[in-house]
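Me: Please pick one part of this model and take me through it slowly. I'm new to this, so explain each term as it comes up.

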Amino acid sequence: MLENYLPVLVFIGLAVIMSLIPMALGLALGPRRRDEAKDSPYECGFEAFEDSRMQFDVRYYLVAILFIIFDLEIAFLFPWAVAIRELGLAGFLSMALFLVILTVGFIYEWGKGALDWD
């Protein structure tokens, strides 16, 4: 039984060894010069001028969730479009219902003002 898995185990062992050797060489031979500029927080080339724990507006999360929902919609549409001929009328109607439900949800969110940035 072991002879079936031996090549895989050898391959994993070599991968681990070949990934640990460069890290060990970097730790052993690399310079260890610490200074204030190297240890300071970096934010887009500027010094940090606010607390990093500031609160985000809830609308940011709403737009992010809407993006995820409509991105997943596209993930469902591609395989459906490829297999539309095999699915027939039932597949077409089920996807039409799916799109209608998503459109109603989108119109509801739009009407509630979730997409408005004042």
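Reply: Let's start with L29, which sits in helix 1 (residues 2–29). Helices here are DSSP runs of H or I with at least four residues, strands are runs of E with at least two, and both are numbered from the N terminus. Before going on, keep in mind that this is a predicted model, where local features need pLDDT of at least 70 and side-chain atom pairs need 80 or more, while totals for chains, interfaces and linings use all residues. Residues are numbered from 1 along each chain as its sequence is written, and side-chain values use heavy atoms, with hydrogens and water left out.

Is L29 buried or exposed? L29 has a relative accessible area of 69%, so it counts as exposed (over 50%; buried is under 20%, partly exposed is in between, using a 1.4 Å probe and protein chains only). L29 also has company: together with L6, V10, L14, I17, M18, I21 and L25, it makes a nonpolar surface patch of about 810 Å². Patch members have over 30% relative accessible area and no salt bridge, with nonpolar side chains joined within 5 Å and like charges within 9 Å. A salt bridge puts a Lys or Arg side-chain nitrogen within 4 Å of an Asp or Glu carboxyl oxygen. The areas come from the Shrake-Rupley method with a 1.4 Å probe, and for residues only the protein chains shown count as cover.

Now zoom out. The chain has 4 helices and 0 strands, and the pattern along the sequence reads α-α-α-α. Of its 118 residues, 8% count as buried. The chain exposes about 10,800 Å², with carbon and sulfur atoms supplying 71% of that.
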